[in-house]
Amino acid sequence: MLLCVTASHKTASFELLERLSRQPETVAPSLMAAGVQGAVVLATCNRFEAYVEAEEVDSEAVIETVAQATGIPSADLDGSYQVVEDSHVAEHLFAVASGLESVVSGEGEIAGQVRRALSGAREQGTTSPQLERLFQRASQAQRKVKNVTALHRAGRSLVRLSLELADSRIADWSTQRVLLVGTGSYAAVTLASLRERGAVDISVYSPSGRAVPFAQKHGIRPVAIADYASVAQHASLLITCTSAEMVLGPAQFERRPDAAAGCPVGTHSQLVIDLGMPRNVDPAVAQLEGVALLDLETIRLHAPLEELHATDAARHVVREAAESFHLDGSRQSVTPAVVALRTHIFGLLEAEIDRARRRGDENGRVEQAMRHLAGVLLHTPTTRAHELAAEGRADEFHAALETLYGLSADSDAASASATA
């Protein structure tokens with residue numbers, strides 16, 4: 001059985017999502033220790049989700065484990081999450097991966113985050129065959145949505161939306177002194193978007209020390225830790241997008257003799273855009289004279305209305321993909337029983353063929369007829385098994401198999417041969 005506990009921008013406060021995202025790597029191992037068969041955690045700037053596979057899933061136990069792993073009292077989570085179960089999990093994840101549940105419908109970054117969530121689970125050893133199949137199908141569904149609908153053209157990323165909001169403050173992007181804090185995938189997207197707007201004076205600082213290789217790859221200037229505060233003080237636009245917490249605060253803005261210098265950012269001399277989760281910028285920065293702060297909460301309030309036709313088409317693709325996922329899963333669920341039946345029948349067949357050979361079936365006509373008959377006899381129960389599985393009635397086939405032949409789904413060739 002599959003289950004997803006999800007907290008997102010639709011159900012939880014920005015502050016709670018930030019707390020949940022601080023140590024997401026602790027959650028999946030904790031869920032495994034609690035007895036589930038597999039766990040994958042998806043943590044982004046606007047959502048935190050735990051996907052779980054177990055024979056019997058207690059949603060309350062999953063939530064309690066998440067609370068303990070993140071250090072958040074379970075009472076603080078009340079009313080801030082949703083539980084998605086079994087047949088609805090695939091459609092939910094496929095919609096998430098396709099950007100349908102994002103702040104900006106159709107945004108592209110989420111697809112990579114879903115893939116990285118699965119990779120992280122593999123590295124931690126917490127994934128399972130069912131979750132592997134689920135997340136791989138999510139990536140397939142996302143690509144189909146991108147290829148056959150206009151959603152990816154209508155949708156915009158948080159990066160692009162934040163820069164569009166900054167357009168109202170910036171008259172000429174080519175005059176901006178830009179400091180980019182972070183070197184991950186968001187940083188690369190941000191850099192590309194800045195250049196599309198005409199920004200040329202761009203520096204990068206990395207809290208983890210990766211500024212130099214990132215700068216060399218992208219043709220911008222790296223900033224050493226010793227120069228960070230000075231560059232921050234003189235930047236007219238600062239964009240943070242790193243997994244590190246609180247990398248920019250009032251301390252980096254002290255001793256600014258040119259604080260009121262006329263950089264073209266409206267009534268403020270500096271604009272700070274915080275795309276980090278957890279937040280990268282101390283909210284106190286917004287109280288500094290001459291500094292304007294644009295954070296994820298503000299960006300979220302300005303998200304555009306969904307492109308209805310594109311979204312409807314995308315959701316149709318997602319529903320079809322989810323139905324296909326469940327149909328394939330149902331077929332897989334009945335496969336062991338079908339194999340047990342076929343093994344049993346072919347075991348009987350081989351025994352009868354041996355008898356026919358001993359009785360003089362030298363030209364093999366009896367053997368040929370018996371093999372044809374076995375195929376004919378197996379066709380209907382095999383087809384019916386798949387039909388029942390698709391209808392959610394696989395247990396009826398299992399019961400019939402045990403009643404008629406004394407076989408269970410885990411019967412192997414050896415046991416079948418022994419029955420013969």
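**Note on the sheets, cores and side-chain pairs of a predicted model**

1. Four strands make up an open sheet in which the order is β2-β3-β1-β4 and the pairing is antiparallel. The edges are taken by β2 (38–44) and β4 (82–85), each of which has a single partner strand, so one side of each is left without a neighbour in the sheet. Averaged over the sheet and with direction ignored, neighbouring strands are turned by 15 degrees against each other. It should be kept in mind throughout that this is a predicted model.

2. Within this antiparallel sheet, strand β1 (residues 2–8) pairs with strand β3 (residues 47–53) over seven bridges. The register can be checked at leucine 2, whose bridge partner in β3 is glutamate 53.

3. Strand β3 also spans the positions of a charged pair, since its residues are 47–53 and the side chains of arginine 47 and glutamate 49 meet in a salt bridge with an N to O distance of 2.9 Å. Are the two partners buried or exposed? Glutamate 49 has a relative accessible area of 0% and is buried, and arginine 47, with a relative accessible area of 5%, is buried as well.

4. The other sheet to consider is an open one of six strands, in the order β7-β6-β5-β8-β9-β10, and its pairing is parallel. Here β7 and β10 (291–294) stand at the edges with a single partner strand each, so one side of each has no neighbour in the sheet. Strand β8 (residues 237–240) and strand β9 (residues 270–274) are paired in the parallel sense over four bridges, and the bridge partner of leucine 237 in β9 is leucine 271.

5. Two helices can be placed against this parallel sheet. Helix α9 lies across β8, β9 and β10 and runs at about 160 degrees to β9, while helix α10 (residues 185–196) lies across β5 (177–181), β6 and β8 and runs at about 165 degrees to β5.

6. The largest nonpolar core holds 60 residues, and those with the most contacts inside it are Leu194, Leu237, Ile273, Leu275 and Ile299. Helix α9 (residues 158–166) gives the most to this core, contributing six residues. Which residues does leucine 194 touch, if those up to four places away in sequence are not counted? The contacts of leucine 194 are with Leu163, Trp173, Val178, Ala199, Ile202, Leu237 and Ile239. A second, separate core has 31 residues, among them Tyr51, Phe94, Ala117 and Ala141.

7. Three aromatic pairs are found in the structure. In one of them, the ring centres of phenylalanine 94 and phenylalanine 325 are 6.1 Å apart and the planes stand at 85 degrees, so the pair is edge-to-face. This pair links distant parts of the chain, with phenylalanine 94 in helix α5 (residues 89–97) and phenylalanine 325 in helix α14, 231 residues apart. Both phenylalanine 94 and phenylalanine 325 are buried.

8. Tyrosine 205 and tyrosine 228 form a stacked aromatic pair, at 3.9 Å centre to centre and with 10 degrees between the planes. Tyrosine 205 lies in strand β6 and tyrosine 228 in helix α12 (residues 228–234), 23 residues apart, and the pair again links distant parts of the chain. Tyrosine 205 is buried, with a relative accessible area of 9%, and tyrosine 228 counts as buried at 6% relative accessibility.

9. The count of salt bridges comes to 16. One of them joins the side chains of arginine 221 and aspartate 201 at 2.4 Å, N to O, and links distant parts of the chain, with arginine 221 in strand β7 (residues 221–222) and aspartate 201 in strand β6 (residues 201–205), 20 residues apart. Arginine 221 counts as partly exposed at 43% relative accessibility, and aspartate 201 is partly exposed with a relative accessible area of 24%.

10. Helix α14 (residues 308–358) contains both glutamate 352 and arginine 355, which, being three residues apart, are separated by about one helical turn. These two residues form a salt bridge in which the closest N and O atoms are 2.3 Å apart. Glutamate 352, with a relative accessible area of 34%, is partly exposed, as is arginine 355, with a relative accessible area of 33%. A network of salt bridges, in addition, links Glu350, Asp354, Arg357, Glu367 and Arg371.

Key
Residues numbered from 1 in each chain as written. Predicted model: local features only at pLDDT ≥ 70, side-chain atom pairs only at ≥ 80, totals over all residues. Heavy atoms only, no water. Pairing = 2+ DSSP bridges. Axes fitted to C-alpha atoms, helices over the stretch in contact; angles between N-to-C directions. Core = buried A, V, L, I, M, F, W, Y, C linked by side-chain atoms within 4.5 Å. Buried < 20%, exposed > 50% of the residue type's maximum accessible area, 1.4 Å probe, protein only. Contact = heavy atoms within 4.5 Å. Salt bridge = Lys/Arg side-chain N within 4 Å of Asp/Glu carboxyl O. Phe/Tyr/Trp six-rings, centres within 6.5 Å; stacked < 30°, edge-to-face > 60°.
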